[in-house]
Amino acid sequence: MSELTKHEPTTIYIKPSTGLTALNLRDLWVYRELVFFMIWRDIKVRYKQTMLGAAWAVIQPVMTMLVFNFIFGSVAKVPTDGIPYPIFSYTALLPWGLFVAALNQASRSLTSNNNMITKVYFPRLVLPIASVLAGLVDFAIAFVILIGLMFYYKVSPAWNVLWALPLFMLLAIVTALGVALWLSAINVKYRDVNYALPFLTQFWLFITPVAYSANVISEKWQLVYSLNPMAGVVNGFRWALLGAGNGPDMALWVSASISLVILVTGLFYFRNMERTFADTI
Amino acid sequence: MTTAIKVENLGKRYKIGAAPTKFKYGMLRDVIVDTATAPIRWARALANKQPLLEDQPNYIWALNDVSFDVEEGKVLGIVGRNGAGKSTLLKVLSRVTEPTRGTVTVRGRVGSLLEVGTGFHPELTGRENIYMNGAILGMKRAEIENKFDEIVAFSEVEQFIDTPVKRYSSGMYLRLAFAVAAHLEPEILVVDEVLAVGDAEFQKKCLGKMGDVAQQGRTVLFVSHNMSAILRLTEEAIVLDKGKLLMRGPTQQAVDYYLSSGQAQAGERLWDADEISPNAAPFRPIAMRLKDQKGKVIDTVRSIEPVTVEMEYRLEAPLTGLRVGFYLSSMRGEYIITAFDTDDAKQYEKFSARDSGHYISRCTLPADLLNEGRYSLGVNASTFGVQRYFQDEQALAFSVDISGAPGTQWAEPRQGPIRPRLDWNIEKVE
């Protein structure tokens, strides 16, 4: 008894939530340690029992870059605003890789942790958020190669990289998290997501200026093109790191707003579906 | 005394099997169709003045208008047969799933032994998993560090603490998992039948831990099919049946009520469609019966007469390796017999592959087998090592009357569940 009187236990009210549930981000804050633990677990386990280990974080973007370099750089000779093709595409492959990895990991994060979901209460948002953030480690490793490439090609970023890069990182995370929330919540009920995802990311790659420059799109289609939030992210990275393109313009704001819309709707959709996760998973 | 848990008009509705013909696969296509036709169904429902939430055929109320409260420091037992809503109640209390109706007010953290091993990752070491698991259960890092040594000592896996848990034996794994859950020290502890796992020694430890928790003035909810455990560990109990709270009272009364009204259906147990999990397919239990030699269904067995146990079921698809059997256990939860219809080698050869169809598996228990008392029969349909299709450990209960049995000339209770007629030979040597 003495132990109980020491601190007043918090009272929890359990009742059906109606309509759009309050986001309850406070709960997420209470469980912030769990987010770190999940990220840590993801990273710790990711390259277990692989021969090459963390080298995979570098091999994937570098190999893609080499293939792109051959096809689009040497054979098709895609215009790159005067930047050497390898660094041009690699700069774009970094946020793209982050995005694809986030979708792959996060869309499965709920279903692969179903024993947690059916047994314990914790804010379910922890799982997709941790999956997306865990991708930052691979991103950081691959980024080292970019620095090497920049030295090799003698490309130096302008000073604005100091504020622009973190902002575009944030935009990349917001975009990835927004889409990931939608996919992970849908995947709980409809495993179609597993089958649609490879196709979706492949298709998405074509409409994102990773292998080519956004400038090849004619002026009047630019705004339509920027409806793809990843276009804004990729252009932003190129602008921040290589000084390519025209920097923050109308198209970027369109992309960024779309990202934000996806994130906010994703959060609400996720919270709304969360009620039945344990029953349907 | 303050109230630790207050449950008011709690209801939880599940969709069952969805409409069997349509929407079977939970595919996106189905949703599109479902959404497109929704307005029509709503309009129909409105026209018929049928409230949408109410008893539609595809829905089942796993909990229906359940209200009770538990005072701080009390140990409450929850009894009821399979599908009565016990697990759903625990899930709602531990916030795993949301109720459809009603409210629960809980004072303090709810920890459950449902959570054993949640989030354990085979590649991580024991040490890492303790931290991981603790975080999932809502413990702060500092809290885990404080209790780390205690957890390790309790789990008895000190030597292997830096070994990945995938190399652990299942017993070690379970002990470690339980140790973390047991040290969560929640204000309210919810215990389901996980205690059934692990060796006897460890089970004793677990029950001991549960006793400690209760001693410290924490509130415990204890769910079990084991009536003797319920009687031993709780003072009060509630009885659930088909989602409804039937009664609440001192444990002895509640257990008596449960045994006499809830499950003993005059020697016969019939299964409704809504009581069978979809996972049972293609096995569909129909009935379990106890019959005397004339074929009459009975619920009191004379120990000096043989009695027939009968299981009626349907196979909706051919099955290979199926065995249908029963458990016979005493009301104190000790198993007396476990037997399957294909135990015999010849039977096994003949029936190891069964076509779809309607079956009855029947066996006769010999006379002079059981002692006086109440017993329960459970049913199990499974393929060895592959899948358990259906299991109900307490399908029906019956009493044994011993008039005429050996030793009844002395009016005294005899120890032990069996009372065979033995051949005594008395020899005068001198």
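**A bent helix, an open sheet and a shared strand pairing**

In this predicted model, helix α4 of chain B, spanning residues 141–155, bends by about 50° at Lys147(B). Three residues of α4(B) are buried, namely Ile144(B), Ile151(B) and Ser155(B). What do these buried residues pack against? Their partners are α3 and α5 of chain B, the latter covering residues 170–182. Just after α4(B) comes Glu156(B), with a positive phi near 60°.

It helps to place this helix within the whole chain. Chain B contains 9 helices and 20 strands, and 38% of its 430 residues are buried. Its contacts also reach along the sequence: when those between residues at least 6 apart in chain B are considered, 70% link residues at least 24 apart.

Further along chain B, an open sheet is built from 4 strands in the order β10-β11-β13-β18, with antiparallel pairing. The edges are held by β10 (268–270) and β18 (357–365) of chain B; each has a single partner strand, so one side of each lacks a neighbour in the sheet. From one strand to the next, the twist averages 15°. Within this sheet, β11(B), residues 283–291, and β13(B), residues 307–315, run antiparallel and are joined by 8 bridges. One position in this pairing is easy to pick out in the viewer: Lys291(B) lies opposite Thr308(B) of β13(B).

Attention now turns to the place where the two chains meet. How many residues does the contact take from each chain? Chain B supplies 39 residues and chain A supplies 32 residues. On the side of chain B that touches chain A, the elements giving two or more residues are α2 (86–93), β4 (101–107) and α3 (126–136) of chain B. Of these, β4(B) gives the most, with 6 residues. By class, this side of chain B is made up of 15 nonpolar, 13 polar and 11 charged residues.

Strand β4(B) also takes part in strand pairing across the two chains. Its partner is β1 of chain A (residues 11–14), and the two pair in the antiparallel sense over 4 bridges. For a reader who would like to inspect a particular position, Tyr13(A) has Thr105(B) as its bridge partner in β4(B). Helix α3(B) likewise appears in both parts of this account: α3(B) is among the elements that give two or more residues to the side touching chain A, and the buried residues of the bent helix α4(B) pack against α3(B).

Notes:
Residues are numbered from 1 along each chain as its sequence is written. Chains are lettered from A and ligands numbered from 1 in the order in which they are written. This is a predicted model: local features need pLDDT of at least 70, side-chain atom pairs count only at pLDDT 80 or more; totals for chains, interfaces and linings use all residues. Two residues are in contact if their C-beta atoms, placed from the backbone, lie within 7 Å. Ala, Val, Leu, Ile, Met, Phe, Trp, Tyr, Cys and Pro count as nonpolar, Asp, Glu, Lys and Arg as charged, and the others, Gly among them, as polar. Two strands pair if DSSP finds at least two bridges between them. The bend at a residue is the angle between axes fitted to the seven residues ending there and the seven starting there. A residue is buried if 20 or more other C-beta atoms lie within 10 Å of its own, exposed if 12 or fewer, and partly exposed in between; C-beta atoms are placed from the backbone. Axes are lines fitted to C-alpha atoms, for helices over the stretch in contact, and angles run from 0 to 180 degrees between N-to-C directions.
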